[in-house]
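Below are some notes for a colleague who is opening this structure for the first time. They go point by point and can be read beside the model.

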Amino acid sequence: MAKPTDAAWMARALQLARRGRYTTHPNPRVGCVLVKNRRVVGEGWHVRAGEPHAEVHALNMAQAAARGATAYVTLEPCSHHGRTGPCAVALIEAGVKRVVVAMQDPNPEVAGRGIAMLREAGIEVTVGLLEAEAQALNPGFISRMTRRRPFVRLKMAMSLDGRTAMQSGESQWITGPHARAEVQRLRASASAIMTGVDSIIFDNSRLTVRAAQLGLDEAEVIAERQPLRVVVDTQLRLPQAAACLREPGRTLVATVSGYDPERRAWLEAAGAEVLVLPTGDDGRVDLAALLRYLSEQELVNELLLETGATLAGAMLDAGLVDEMQLFVAPTLLGGEARPLFALPGLTRMAQQRPLEILDMRAVGRDWRITARPERRQE
């Protein structure tokens, strides 16, 4: 059973885990605090894959003081050998007397094994303290483990009248610098950024994290990794001169069979990786199949969708959007400008797509709305 002071120490562990927001991919963000005699004797967080986990960092800091301590961990200590040893074993060997776990490992193949290992060693284990907060730290890892697809976060910038670009496709810039810096943070926390080929043709987006738009500490961390770039391109129309092909990191172009072999050769020569997927009911790339591939082959936890109305509408219509980050600028673009979503076939109020607003706040001169689609009634 949790004690009154446990929540404060777990909150500290969650705070530590957030430090790995940009760097732990494809591993989860985890924090650990070791407490003995009401004093922190060790703490740590998982920094990046292949390096020691949070528990090991905390134990290294505590040394002998870990014996008899209580460990507060935001995710169930691992019980298997990977690139590092099992943390449950490390805690047992260090002699901790109690472990407080925020959430069980969502991987169905290992869930509960670390907890069982600790209990079999005679260690008192409490599970579920600040569980919702711990789950919010790792929506992508949870999604990949339980649904076999990434957590999809859709980012869009729009005018107050719900328009994303002029009729010509011109869209830079609707929002101000503060909102654009927030977008860079969203990109940096994602494993992959996905867009449609039309967005590349109109905007020539690089789909990269621009560290110069962020604070110094963040910039130094973010510079280590660029997210995978994914372009949905059914007919292989991506220009060879596209800026995203000249940026550091990888660009994956998702298409379907029946493509022009010469076009594929040109794109691969320009640096793209071409992925051939099944065709969906609409004759375009099967988006669910693409997400499964990204989850299983590329180990993508969180996918940031930055695209135009057509792909955004298709993803929403397929029930593949988990969260929306909508940046609203105090400006009007007019009725001829491009809409936020292409959702054909909505002719009655009963067909509307309700959203649940999770948060709304000012970002510079703009507003940021965090929402999620409500599940449809079957």
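**Notes on the sheets and helices**

1. Helix α11, residues 287-296, lies across six named strands: β6, β8 (192-196), β9 (228-232), β10, β11 and β12. Its direction makes an angle of about 165° with β9. The model is a predicted one, and the points below should be read with that in mind.

2. The strands under α11 belong to an open sheet of nine strands with mixed pairing. The order across this sheet is β11-β10-β9-β8-β12-β6-β13-β16-β15. Its edge strands are β11 (273-277) and β15 (355-363), each of which pairs on one side only. Neighbouring strands here are turned by 25° against each other on average, with direction ignored.

3. At the β11 edge, the partner strand is β10, residues 251-256. The two pair in the parallel sense, over five bridges. Within this pair, Leu-252 stands opposite Glu-273 of β11.

4. A second helix on the nine-stranded sheet is α6, residues 139-146. Helix α6 lies across β6 (151-159) and β12 (302-306), and runs at about 130° to β6. Strands β6 and β12 are also among those that α11 lies across.

5. There is also an open sheet of five strands, in the order β2-β1-β3-β4-β5, again with mixed pairing. Why do β2 and β5 each have a side without a neighbour in the sheet? Strands β2 (39-45) and β5 (124-127) stand at the edges and have a single partner strand each, so one side of each is left without a neighbour. From one strand to the next, the twist of this sheet averages 15°.

6. Strand β1, residues 31-36, runs antiparallel to β2 and is joined to it by six bridges. Val-33 stands opposite Glu-43 of β2 in this pair. The loop between β1 and β2 contains Asn-37. Asn-37 has a phi near 55°, which is a positive value in a residue other than glycine.

7. Ahead of β1, the loop between α1 (6-17) and β1 holds Pro-26. The peptide bond from His-25 to Pro-26 is cis, with omega near 0°. Please look at this bond when checking the backbone of the loop.

8. Helix α2, residues 54-62, lies across β1, β2 and β3 (70-73). The angle between α2 and β2 is about 140°.

9. At the other edge of the five-stranded sheet, β4 (residues 98-101) pairs with β5 in the parallel sense over four bridges. Val-100 has Thr-126 of β5 as its bridge partner. Together with α4, these two strands make a right-handed β-α-β unit.

10. How do helices α3 and α4 cross? The axes of α3 (residues 87-94) and α4 (residues 113-120) come within 9 Å and cross at roughly 20°. Angles under 35 degrees count as roughly parallel, so α3 is roughly parallel to α4. The crossing is right-handed.

11. On the α3 side, the contact is made by Ala-88, Val-89, Leu-91 and Ile-92. Helix α4 contributes Gly-114, Met-117 and Leu-118. By class, the residues of this contact divide into six nonpolar, one polar and no charged.

Conventions. Residues numbered from 1 in each chain as written. Predicted model: local features only at pLDDT ≥ 70, side-chain atom pairs only at ≥ 80, totals over all residues. Heavy atoms only, no water. Pairing = 2+ DSSP bridges. Axes fitted to C-alpha atoms, helices over the stretch in contact; angles between N-to-C directions. Contact = heavy atoms within 4.5 Å. Parallel < 35°, antiparallel > 145°, perpendicular 65-115°, else oblique. Left-handed = near helix turned anticlockwise from the far one by under 90°. Nonpolar A, V, L, I, M, F, W, Y, C, P; charged D, E, K, R; others polar. Right-handed = clockwise from strand over helix to strand, strands pointing away.
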